[in-house]
Amino acid sequence: MLVFAASDKGGTGRSVTSANLAFRRALGGDDVCYLDFDFGSPTAAAVFDVPKAMSGIEQGGLHSYLQGKATEPSRLDVWAETEHQLLRDRPANSGNLVLLPGDRSGGEFAVGKDTVSRCIDLFLRLNSEFEVVIVDLSAGRSYAMDMALEVTARPEMRGVRARWLVYHRWTRQHVIAASGLVFGQRGILAGGVARGHDKEELRSAIRFVRAAVPDPEAPPWSLVPPAQSSWMRKCDQDLDRLAADREVGFSAAIGVVPLEPVLQWREQLITDEDVLSSRIANLETLVALQDLADKLTDDEAWGPV
């Protein structure tokens, strides 16, 4: 299965959440591949603590492969390459966790016929090798998003399941932007239909992820002065109405990731040890990430919106 991670703005938690989903699925025994299609800023390796590719690699990355400058894209075994202290010994019963990085200073590039062909070949091969392939797209209406829509519309890809996660923070700007990315004149749906996608099929494959969501009923927010608490609750209600009006309401959301101090200070994988041993991360965050990871392949979670 291909899972495309998209967002209309930077800072949504798209990459760090997607990396954690890949990590969770691999811990559960699945073979997982993570593609850094954030061509303008290929830094996903930083979340996995892979030092040789923190800002992409010198050559042979996804940029090189898709532009025909390399016959194969470089692969990094996260378990073997990470400097994360808790992951240096591969967890028992885990599946493969492979990162395909971008090229350092590669930048965005236009999508041509040859690029599309190479991308189709790559997706087909990875889909046959891995249970879950997560494709982290550049923010906004990017060349990467155009290529994903173009490739998944091709006849060769008809047997490959593809789903879209659209990330946004819980603010007015982000809700409006996420709605525009999907439903706008140049959004995912319009772009997909223009390339041959069936609109209803594509719509059914799109869900929203609310990231960094504060809970007014839980500490520390529930401990603020009464006037501030009342204001926060009203803002939360207003956002619920706005999200419903913009078609990104609760029924269209497949996951909610709470505001997590660890992820605000350092974009990293959240391990069980971070919650149970050192207690630097919150259990609610771990539960939310695991729930979302499980839902990636749960057909019931992707029913009619």
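Helices (H or I, at least four residues) and strands (E, at least two) are DSSP runs, numbered from the N terminus. The model is predicted: local features need pLDDT of at least 70, side-chain atom pairs count only at pLDDT 80 or more, and totals for chains, interfaces and linings use all residues. Residues are numbered from 1 along each chain as its sequence is written, and side-chain values use heavy atoms, with hydrogens and water left out.

**Exercise 1. Place Gly196 and classify its accessibility.**

Step 1: locate the residue. Gly196 sits in the loop that runs between helix H7 (188-194) and helix H8 (199-204).

Step 2: apply the classes. Buried means under 20% relative accessible area, exposed over 50%, partly exposed in between (1.4 Å probe, protein chains only). Gly196 has 57% relative accessibility, so it counts as exposed.

Step 3: look across the chain. Arg154 is 42 residues away in sequence, yet the two C-alpha atoms are separated by 7.9 Å.

**Exercise 2. Describe the surroundings of Arg210.**

Step 1: assign the element. Arg210 belongs to strand E7 (residues 206-213).

Step 2: classify it. Its relative accessible area is 6%, so Arg210 is buried.

Step 3: list partners. Contact means heavy atoms within 4.5 Å. Setting aside neighbours within four places in sequence, Arg210 touches residues including His168, Trp170, Asp240 and Phe250.

**Exercise 3. Analyse strand E5 and its pairing.**

Step 1: check burial. Strand E5 covers residues 132-137, and six of its six residues are buried.

Step 2: split the faces. In a regular strand the side chains alternate between the two faces of the sheet. On one side of E5 lie Val132, Ile134 and Asp136; on the other lie Val133, Val135 and Leu137; all are buried.

Step 3: find the pairs. Two strands pair if DSSP finds at least two bridges between them. Strand E1 (residues 2-7) runs parallel to E5 and is joined to it by four bridges. Strand E2 (residues 32-37) is also parallel to E5, with six bridges.

Step 4: name a shared partner. Val133 is the bridge partner of Leu2, and Val133 is also the bridge partner of Cys33.

**Exercise 4. Identify the nonpolar cores.**

Step 1: define the set. A nonpolar core is a set of buried Ala, Val, Leu, Ile, Met, Phe, Trp, Tyr and Cys residues joined through side-chain atoms within 4.5 Å.

Step 2: take the largest. It has 49 residues, and Leu35, Phe37, Phe123, Leu137, Trp164 and Ile188 touch the most other members.

Step 3: separate the other. Another core, of 43 residues, lies apart from it and includes Met1, Val32, Val47 and Leu296.

Step 4: inspect one hub. Beyond four places in sequence, the contacts of Phe37 include Leu62, Leu66, Phe123, Val135 and Leu137.

**Exercise 5. Search for disulfides.**

Step 1: set the criterion. A disulfide is a pair of cysteine sulfur atoms within 2.5 Å. The whole structure has zero disulfides.

Step 2: test Cys33. The nearest cysteine sulfur, that of Cys119, is 12 Å away, and Cys33 is in no disulfide.

Step 3: compare accessibility classes. Cys33 is at 0% relative accessibility, so it counts as buried. Cys235 is at 28%, so it counts as partly exposed.

**Exercise 6. Summarise the whole chain.**

Step 1: count elements. The protein chain has twelve helices and eight strands.

Step 2: gauge extent. The C-alpha trace spans about 60 × 45 × 35 Å along its principal axes.

Step 3: gauge burial. Of the 305 residues, 50% are buried.
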